[in-house]
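Let us take a friendly walk through the charged side chains of a protein chain. Please have the sequence and the 3D view open as you read.

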Amino acid sequence: IFYTDAKAKYIVVGAVYDTESKTNLTEERQRKLNRVDIAGLPYDLAIKKVKGTGERKLVVFSDADCPFCHKLEQEMAGLDNVTIYTFLFPIDQLHPEAAQKSKQIWCSSDRTKAWDEFFASGKLPDNKGECANPVAATQALGQKLRIQATPTMILADGSVLPGAVPLARLEAAMKEAEADAKKMAAAKK
C-alpha cells in the first residue's frame with residue numbers, strides 16, 4: 001500500500017497510524033484487501049472445536065511447535081460461542097519436528113482433545129502418525145493463501161489477522177469482521 005496526493009506528484013510508502021486509537025490503518029486496509037473466501041475453505045481438513053453455541057467462526061493456521069501459537073491457544077481459551085477450525089500448518093524450516101507431531105495429533109481418535117492436551121502438557125498421542133492425514137494439503141493451502149507465519153487467523157469476513165493477539169483485541173477484531181461479513185452478505189442480495 002502506498003499513498004499519494006491527487007496529482008501523484010508525491011508518493012509515501014509506509015504505515016499510517018491513528019495515534020488516538022493506536023491503530024495501524026495500513027495494516028487494517030491490507031487485511032481487508034487480502035480477504036480469503038472463508039466459505040470455500042476445506043473444513044474437513046481442520047481440527048474442529050466448538051465452544052458454547054459455536055455460532056461464531058474462527059479459522060486458525062497453527063504450528064504445534066510455535067511458541068506464539070501456544071500463547072494464542074491460551075488467549076483463545078477465553079473465547080465463547082465460537083467454532084474454531086485449526087488447520088495444521090507446521091513450518092518445517094523453523095520447527096522440523098512439528099509436522100510429525102501434527103500427524104500424531106491428527107491420527108488420534110479425538111483430534112480436538114489431542115490438540116488441547118498437547119498445548120496444555122506437551123503430551124502427544126500414542127501413535128506413529130501413519131494414518132491418512134492432511135498435513136501436506138494444509139501446508140499447500142496455507143501457501144496458496146499466502147500464510148507466512150503462525151499463528152494466522154482468518155475471521156468471519158475473510159480478513160487475515162496474524163499473530164498471537166490478546167483476547168480483547170481478538171474479540172474486537174472478530175466483532176468487526178462479523179459486522180463486515182453481514183454487510184457483505186446484505187450487499188450481495
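This report looks at salt bridges and the places of their partners in a predicted model.

## Salt bridges overall

Across the whole structure, a search finds 7 salt bridges. Three of the pairs are described below, among them Arg35 with Asp180, Glu171 with Arg56 and Lys113 with Glu117.

## Asp180 and its surroundings

A good place to begin is Asp180, which sits in helix H6, spanning residues 167-188. Asp180 has a relative accessible area of 13%, and because the cut-off for buried is under 20%, this residue counts as buried. If we set aside neighbours within four places in sequence, the contacts of Asp180 are Lys32, Arg35 and Asp157.

One of these contacts is also a salt bridge: the side chains of Arg35 and Asp180 meet at 3.7 Å, N to O. Arg35 belongs to the loop between helix H1 (25-33) and strand S5 (47-51), while Asp180 is in helix H6, so the pair ties together parts that are 145 residues apart in sequence. The two partners are not equally covered: Arg35 is partly exposed at 32% relative accessibility, whereas Asp180 is buried at 13%.

## A second link from helix H6

Helix H6 also carries Glu171, whose partner Arg56 lies in strand S6 (residues 56-62). In this salt bridge the closest N and O atoms are 2.7 Å apart. Because Glu171 is in helix H6 and Arg56 in strand S6, their pairing ties together parts that lie 115 residues apart in sequence.

Which of these two partners is buried, and which is partly exposed? Arg56 is the buried one, with 14% relative accessibility, while Glu171 is partly exposed, with a relative accessible area of 26%.

## A pair within helix H4

The next salt bridge stays inside one element. Lys113 and Glu117 are 4 residues apart in helix H4 (residues 111-121), so about one helical turn separates them. Their closest N and O atoms are 4.0 Å apart. Both ends are partly exposed: Lys113 has a relative accessible area of 49%, and Glu117 has one of 34%.

Salt bridges that share partners also join Arg35, Asp157 and Asp180 into one network. That brings us back to Asp180, for which Arg35 and Asp157 are among the contacts beyond its sequence neighbours.

Methods
Residues numbered from 1 in each chain as written. Predicted model: local features only at pLDDT ≥ 70, side-chain atom pairs only at ≥ 80, totals over all residues. Heavy atoms only, no water. Helix = DSSP H or I, 4+ residues; strand = E, 2+ residues; numbered from the N terminus. Buried < 20%, exposed > 50% of the residue type's maximum accessible area, 1.4 Å probe, protein only. Contact = heavy atoms within 4.5 Å.
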